[in-house]
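Subject: Structure handover

Hi,

Here is the structure I promised to pass on. Please open it first, then read my notes below.

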Amino acid sequence: MKPPFWLVALALVSTAFAAPIDREALVRRHNPVVRSVDYDSPLTVGNGGFAFTADITGLQTFAYDYHRNGVPTETQARWAWVSDENVAGYTLADANKDFTLPDGRVLGFPTRSSVPAGDWLRKNPRAHPVGQLQLVWDKPDGSPLTPADIEEPEQTLDLWTGIITSKFKLGGVPVMVTTACDPTKDMVAVNIQSELVAQGKVRVRLAFPRGHDVNTKNTPALDWDQAESHQSKAEGKGWVERNVGGLRYFVTCERNLESNGAHRFVIKPEAGQETLSFTMHFGAEPKKYAPAAGEILKASADHWEKFWHETAAVDFSGSTNPLAQKFEQRIVLSRYLTAVQCAGDVPPQESGLTCNTWYGKHHTEMVWWHTAQFALWGHDAALARNLEWFIRQLPAARALAASRGLQGARWAKMTGPEMRESPGGNPLIIWNQPHPIYLAELLYRNTPTAETLAHYRDLVFETADCLATMVHWNEATQRYDLGPPLWIAQEIYDQATSRNPSFELAYWRWTLGLAQQWRERLGLPRVEKWDHVIAHLAPIPEKDGKYVALGSHPDTWDNIDSRHDHPTMLAPLGLLPPQAPYTDRPTMERTLDAVLAHWDWAAKIWGWDYPMIAMTAARLGRPEVAVEILLRDGPNNVYLPNGHAPVRSDERVDPNAPSGARKREIAVYLPANGSFLAAAALMIAGWDGNEVEFPGIPQDGTWQVRAEGLKPLP
């Protein structure tokens with residue numbers, strides 16, 4: 001007897017969805033394709049610590065126009081830092097303001113960013129753009145090449161190979177430019193094919209700016225003034241020595257570099273050849289050997305094919321939900337962008353390696369949003385590389401802790417490569433402190449070995465020591481308090497009087513518990529002080545049956561002005577796992593409903609807020625809310641065709657307005673991409689103790705989900 005048709009059909013569907021994901025098809029169907037001079041859509045190649053962002057020509061020909069109208073095109077390396085001379089000998093103490101601690105001590109914190117010392121210390125050191133490559137065309141009328149000259153453009157970033165192919169015409173003549181980055185060396189490869197090359201009418205210009213406009217904090221323009229203040233010295237036919245702001249580096253080219261004025265060089269084609277091909281390396285030392293472009297193109301293709309095969313994947317094909325394609329595309333593009341921009345020797349700035357924000361400084365409270373997703377998506381090496389910086393900076397973190405009367409290692413919030421604090425509200429932000437423990441735990445979960453424990457033990461233990469000494473015993477309540485002074489994650493409250501923020505309290509309790517688990521794994525006794533803090537930490541503040549942001553100012557649901565910036569009262573059950581009875585599920589349910597109904601969404605809200613809310617909704621068993629919030633086209637959650645999520649300064653304008661209608665505060669914002677991936681992992685792979693398949697995806701029949709290699713959260 002034959003089985004009924006519906007049973008056969010069901011078996012076929014089940015078999016189809018049990019088949020391995022076609023990784024190449026999954027990735028390539030989301031290749032960015034640009035068919036106009038779209039200032040919002042430059043494309044980037046990179047290796048995690050070095051990146052080259054290209055305009056429609058495959059180079060940086062129209063860098064001025066892209067910076068002015070959309071997303072900048074720069075060449076950045078995370079080792080490239082410059083600093084002005086500290087003639088006045090400024091120290092952090094020169095930017096101090098006194099604050100009174102609960103025990104009566106008066107302690108100075110460098111919060112004065114507007115005084116001369118504070119201004120200098122914020123701007124120095126700062127990230128430096130290492131060079132610019134532009135296409136030069138001898139136009140018949142002798143005028144410069146402009147965006148209007150680009151005819152019939154079609155540019156594709158092949159995510160499967162990491163190679164950009166740019167096709168267009170100049171004066172009716174076809175041009176094809178291929179651009180790639182070496183996966184392990186800070187080297188870009190360029191291949192230009194055209195009859196214009198054979199005619200000697202196309203060449204490439206290498207130019208070096210002085211740096212960025214130091215008077216602009218976010219997305220500054222390149223500074224081409226004061227040519228005499230830096231050096232670009234040709235040391236042979238194929239390399240240039242650069243000296244600027246205390247930074248010395250070399251640019252090595254496979255081909256001859258001919259001087260073309262101050263800080264400018266030209267790469268010309270060989271006579272009669274239709275191809276101009278070269279590689280260019282940026283580094284602390286000149287390269288003795290510059291490989292051919294073909295070698296870099298092959299290395300890039302091999303690297304990215306391996307990356308996509310060996311890390312996690314999620315496939316929504318077969319879904320009928322209109323959000324499925326958007327969800328899948330955002331995953332693929334965010335995975336590529338974070339891989340090329342967020343794994344350098346110094347943890348990333350918020351704009352990655354695309355352009356500068358906050359002078360290129362790393363905001364350590366963002367390191368979780370940038371990098372936790374690497375451990376969830378099978379790219380542990382990228383997270384480990386970020387944590388190596390924290391391990392190297394333990395001596396500086398110990399010194400900072402000691403200067404504040406704390407034990408262990410205290411992590412600076414806004415810092416350059418040296419882990420020196422930057423003045424402003426930054427020194428009073430504390431939610432950066434637990435991150436290294438959480439991140440080390442994610443790596444241990446993936447590789448639970450004695451070697452992992454040994455490698456990160458000092459980082460975990462010294463971070464925890466500081467956590468345990470940052471709290472203050474309150475005799476009246478017989479509890480430990482956090483603050484004052486502090487600036488909570490929702491950066492709107494008075495720093496001098498803030499006490500007991502909800503998210504930070506929950507984060508302290510959970511990560512101190514993790515640190516104790518690390519001690520037990522190593523056969524060490526628990527630390528009595530840590531346990532005392534865990535047991536006696538102030539409860540998460542609530543009012544009228546809902547969690548509020550801050551115990552000392554519990555006005556979240558009474559005052560609309562307290563309902564903008566980050567709704568971090570949701571993070572204790574979202575970013576963090578349940579901590580019974582510390583976090584109460586019904587109270588969090590009511591808090592989520594209040595955020596959804598009453599938050600000031602038109603005011604400042606950031607790209608990581610949407611994923612954070614989605615994580616809480618998923619853990620509360622509300623997948624419809626999780627998906628809607630994660631993919632909502634709201635302020636700072638509108639993604640560009642290249643996968644980036646810019647930050648707008650005028651947030652009260654219609655979020656669906658054309659991109660040019662609103663001024664950007666920050667051209668790109670990588671914490672949005674990283675947090676999106678973390679939320680997607682939780683919604684699809686779940687968390688410890690979860691028994692629902694794909695718990696953050698609605699079970700309404702419109703979603704077909706296949707996932708491979710994805711790791712759950714704690």
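A cavity is a set of grid points where a 1.4 Å probe fits but cannot get out. Its volume is the space filled by probe spheres set on those points. Keep that in mind for the section on cavities. One caution before the findings: this is a predicted model.

**Overall shape**

The chain has 714 residues, and its radius of gyration is 26 Å. A compact globule with that many residues would have a value near 27 Å, so the two agree. Along the principal axes, the C-alpha trace spans about 90 × 85 × 50 Å. The chain holds 18 helices and 31 strands. Buried residues make up 60% of the chain. Now take the contacts with a separation of 6 or more: 70% of them join residues 24 or more positions apart.

**The core**

The largest nonpolar core has 213 residues. Those with the most contacts inside it are Ile192, Met280, Phe327, Ile331, Trp368 and Trp377. Which helix gives the most to this core? Helix 18 (residues 670–685) does, with eleven residues.

Try Ile331 as a starting point on screen. Setting aside residues up to four places away in sequence, Ile331 touches Val314, Phe316, Trp377, Phe676, Leu677, Ala680 and Ile684.

**Three buried helices**

Start with helix 8 (367–376). Ten of its ten residues are buried, so helix 8 is largely enclosed by the rest of the structure. Among them are Trp368, Trp369, His370 and Gln373. Just after helix 8, Gly378 takes a positive phi of about 80°.

Helix 16 (609–619) comes next. Eleven of the eleven residues of helix 16 are buried, so this helix too is largely enclosed. The buried residues include Asp609 and Arg619. What covers them? The cover includes helix 8, helix 15, helix 17 and helix 18. Just after helix 16, Gly621 takes a positive phi of about 75°.

Helix 17 (residues 623–630) has six of its eight residues buried, so it is largely enclosed as well. Those six are Pro623, Val625, Ala626, Val627, Ile629 and Leu630. They pack against helix 7, helix 15 (585–598), helix 16 and helix 18.

**Two cavities**

How many cavities of 30 Å³ or more does the structure hold? There are two.

The largest cavity has about 70 Å³ of space. Its lining is Arg23, Leu26, Val27, Trp308, Ala312, Ala313, Val314, Ile331, Val332, Arg335 and Trp377. Helix 2 (23–28), strand 22 (313–315) and helix 7 (324–341) each give two or more residues to that lining. By class, the lining has nine nonpolar, no polar and two charged residues. Look for Ile331 and Trp377 here: both line this cavity, and both are listed among the core residues with the most contacts.

The second largest cavity has about 40 Å³ of space. Pro32, Pro42, Leu43, Thr44, Leu157, Leu333, Leu337, Asn642 and His644 line it. Strand 2 (43–46) and helix 7 each supply at least two of these residues. This lining divides into six nonpolar, three polar and no charged residues. Helix 7 therefore gives residues to the linings of both cavities.**Two buried residues to look up**

His30 lies in the loop between helix 2 and strand 1 (33–34). Is His30 buried or exposed? At 2% relative accessibility, His30 counts as buried, because the cut-off for buried is under 20%. Leaving out residues up to four places away in sequence, His30 touches Leu159, Gln325, Glu328, Gln329, Val332 and Leu333. Of these, Val332 lines the largest cavity, and Leu333 lines the second largest.

Glu441 lies in helix 11 (residues 435–446). Its relative accessible area is 4%, so Glu441 is buried too. Beyond its neighbours within four places in sequence, Glu441 is in contact with Leu514, Trp518 and Arg521.

That is the tour. Have a look and send me your questions.

Best wishes

Terms used
Residues are numbered from 1 along each chain as its sequence is written. This is a predicted model: local features need pLDDT of at least 70, side-chain atom pairs count only at pLDDT 80 or more; totals for chains, interfaces and linings use all residues. Side-chain values use heavy atoms; hydrogens and water are left out. A nonpolar core is a set of buried Ala, Val, Leu, Ile, Met, Phe, Trp, Tyr and Cys residues joined through side-chain atoms within 4.5 Å. Buried means under 20% relative accessible area, exposed over 50%, partly exposed in between (1.4 Å probe, protein chains only). Helices (H or I, at least four residues) and strands (E, at least two) are DSSP runs, numbered from the N terminus. Contact means heavy atoms within 4.5 Å. On a 1 Å grid over the protein atoms alone, a cavity is a set of points where a 1.4 Å probe fits but cannot get out, and a pocket is an open set with protein on both sides within 12 Å along at least five of seven lines; lining residues have an atom within 4 Å of a point. Ala, Val, Leu, Ile, Met, Phe, Trp, Tyr, Cys and Pro count as nonpolar, Asp, Glu, Lys and Arg as charged, and the others, Gly among them, as polar. The radius of gyration is taken over C-alpha atoms; the globule rule is 2.2 Å times the number of residues to the power 0.38.
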